[in-house]
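This report walks through selected parts of one model, moving from a single strand outward to the sheets, a helix and the nonpolar cores. Please keep the sequence and the structure in view while reading.

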Amino acid sequence: MDASAAKAEPRLSARGIGKSFHGNPALSDVDLDLRGGEMLALVGANGAGKSTLIKIICGALKCDHGEIRIDGKPVTIHSVRDAHAAGIAVAHQQIAIIPCLTAAENIMLGREPLRGGFIQNGPLYAGARKIAARFGIDIALDRECGQLGLGENKILDILKALVSEPAILILDEPTASLTLNESRKLFAFLRELKAKGLAIIFISHHINEIFEECDHVVVLKDGRKVHDGPVSRTTPESVVHLMVGRTIEDTDWSSHKVPGEVTLSLRGTTIAGLNVPELTVHAGEVVGIAGVLGGGQTQLLETLAGDGPRPVGGELTVNGEAGCPRTVSDAIVRGVYLVADERLKKALFPGLSVEENLLTGSLNETSRLGFMQTGKIVAAAQEAIRRLAIKCSGRAQDILQLSGGNQQKVAFGRWLIRMDSGSRKVKPLLLLDNPTEGVDVGSKAELYALIRDLARSGASVLIASAEFPEMLKLCDRIYCIANKSIGTCLERADFSEERLLLEVN
């Protein structure tokens with residue numbers, strides 16, 4: 001952002017924004033200024049109030065008090081329609097894509113060209129192609145989004161927000177599901193939009209993105225603004241400290257011990273088109289699978305957890321038992337636990353409480369003769385909330401009221417309870433698919449420590465992540481997916497982001 005833009009009148013101003021839920025303040029007198037040609041980073045730990053503030057600005061929530069101005073003029077935003085009319089567009093962290101519609105239909109949703117009340121498919125697809133070409137995105141626009149990968153749907157969600165050519169664009173964790181190349185394309189496009197005067201609010205837990213791409217940073221903590229200033233006048237360490245109130249230990253992991261017995265072995269098999277010549281995991285190891293989004297790593301983990309395509313040919317052994325788990329319950333009995341990539345769709349139960357979600361993996365262990373044992377349930381839930389530092393009003397709170405990072409902690413917690421209460425005869429094999437998506441740096445460090453502690457205690461961990469730095473930090477070994485096949489296995493001595501990018505395609 002140049003000096004003239006910095007002195008210009010704010011495109012968006014929020015003053016004294018406050019919001020409470022059930023008497024608990026989520027935001028307290030928050031001010032924010034956003035100027036044209038600026039990308040403002042809005043950061044904070046999970047539960048700090050970022051999503052609440054964004055929902056108020058985009059009309060999804062009404063504030064209890066405060067004022068919003070656009071180009072210096074007060075505006076009333078009581079709905080998403082009001083926000084659109086004011087030139088505000090948003091791409092939320094949770095992808096708002098309809099699986100049964102095509103990519104083009106999703107991009108143009110709500111803005112379909114009509115004639116006589118009927119949608120005109122030709123102009124619709126032409127408009128979608130135009131915005132996709134401008135972003136440099138090569139996605140089959142005639143494919144249903146249910147057939148596309150998570151990263152592709154994330155990009156479509158952002159494209160959908162840009163169709164109306166807004167003056168203010170809000171991006172909530174836009175790169176959480178993107179590969180490195182997709183992220184680079186996104187930032188190149190955002191720089192182009194900034195140069196044309198677009199004002200952007202950028203929410204991210206990736207501190208490096210903030211200091212590489214953003215002009216200004218606002219930090220929220222416990223619903224209050226604790227910092228507001230140019231990125232050039234602060235440091236990553238100070239921002240992290242402001243967010244979480246403590247210094248984050250950011251060390252690499254290596255088990256530094258001889259691995260235990262083999263807990264997982266795959267040889268000469270094929271899963272959902274992914275060729276697996278060899279893959280082994282030992283007790284006490286953290287092993288990674290690196291590949292571009294849609295490379296088959298998600299289907300591999302789901303198959304191992306008893307909920308994916310059946311393997312074709314070859315050999316597969318889990319905890320000494322030959323054959324792939326046929327059901328989720330079979331996998332659990334064999335000590336296999338999956339923390340899935342799309343938590344609200346695959347890992348959690350919306351509408352149930354924190355406690356109910358935590359106990360879904362251990363119903364047998366917390367019941368007797370078919371009756372739930374309240375004492376065990378309460379004790380297990382409270383211990384998981386304490387151990388994982390889950391920020392919630394209580395164990396009875398609806399899971400949907402938690403921030404994304406705290407929802408992810410619950411997804412971990414349900415299997416921790418199972419591990420603590422289940423059979424000791426099998427070594428736990430924890431499968432993690434993008435385990436820290438949407439998680440703040442403090443909570444991320446806590447989850448890393450948890451994964452390391454589990455490995456030290458003898459558990460096996462197999463992790464797939466779109467964040468290569470995360471893989472390099474956590475893993476003892478990393479298998480690389482290339483040309484629809486698991487190929488090179490990198491040892492820690494060979495680790496580097498450049499090497500991973502060369503091996504993966």
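How many of the five residues of strand β22 (residues 460–464) are buried? In this predicted model, the strand is mostly covered, with five of its five residues buried. The cover extends to both faces of β22, since S460, L462 and A464 are buried on one side and V461 and I463 on the other.

## Strand pairings

Strand β22 pairs in the parallel sense with β21 (residues 429–433) over five bridges, and L431 stands opposite L462 in β22. Strand β15 (residues 286–290) also runs parallel to β22, joined to it by four bridges, and here I289 stands opposite A464. The table sets these pairings beside two from elsewhere in the model.

| Strand pair | Sense | Bridges |
|---|---|---|
| β21 and β22 | parallel | five bridges |
| β15 and β22 | parallel | four bridges |
| β1 and β2 | antiparallel | seven bridges |
| β11 and β12 | antiparallel | six bridges |

## The nonpolar cores

The largest nonpolar core has 77 residues, and those with the most contacts inside it are L279 and L462. Helix α15 (residues 404–421) gives the most to this core, with seven residues. Leaving aside neighbours within four places in sequence, L279 is in contact with L264, S265, L266, I289, L300, L462, Y479 and I486. Apart from this core lies another, of 50 residues, which includes A104, L169, L186 and C214. In soluble globular proteins, nonpolar side chains tend to be buried together.

## Two open sheets

Four strands form an open sheet in the order β2-β1-β4-β5, with antiparallel pairing. Because β2 (24–34) and β5 (73–75) stand at the edges with a single partner strand each, one side of each is left without a neighbour in the sheet. Neighbouring strands of this sheet are turned by 30 degrees against each other on average, direction ignored. Within it, A14 has L32 in β2 as its bridge partner.

An open sheet of six strands has the order β6-β9-β10-β3-β11-β12, and its pairing is mixed. The edges are taken by β6 (88–91) and β12 (224–230), each with a single partner strand, so one side of each lacks a neighbour in the sheet. Here the average turn between neighbouring strands is 15 degrees, direction ignored. Between β11 and β12, H216 has P230 as its bridge partner. Helix α7 packs on this sheet, where it touches β3 (39–43), β9 (168–172) and β10 (199–203), and its direction makes about 145 degrees with that of β10.

## Helix α7

Helix α7 (residues 180–195) has 16 residues and reaches 23 Å from its first C-alpha to its last, close to the 22 Å expected at 1.5 Å a residue. Which residues of α7 are buried? They are E182, S183, L186, F187, F189, L190, L193 and K194. These residues lie on the same side of α7, because they cover an arc of only 165 degrees around the axis. The helix is followed by G197, whose phi is positive, near 100 degrees.

## A loop residue

E112 is found in the loop between α4 (103–107) and β7 (114–115), and it counts as partly exposed because its relative accessibility is 23%. Not counting residues up to four places away in sequence, E112 touches I119 and L124. E112 and L124 are 12 residues apart in sequence, while their C-alpha atoms are 6.1 Å apart in space.

Methods. Residues numbered from 1 in each chain as written. Predicted model: local features only at pLDDT ≥ 70, side-chain atom pairs only at ≥ 80, totals over all residues. Heavy atoms only, no water. Expected span 1.5 Å × (residues − 1). Buried < 20%, exposed > 50% of the residue type's maximum accessible area, 1.4 Å probe, protein only. Arc of directions from axis to C-beta. Core = buried A, V, L, I, M, F, W, Y, C linked by side-chain atoms within 4.5 Å. Contact = heavy atoms within 4.5 Å. Pairing = 2+ DSSP bridges. Axes fitted to C-alpha atoms, helices over the stretch in contact; angles between N-to-C directions.
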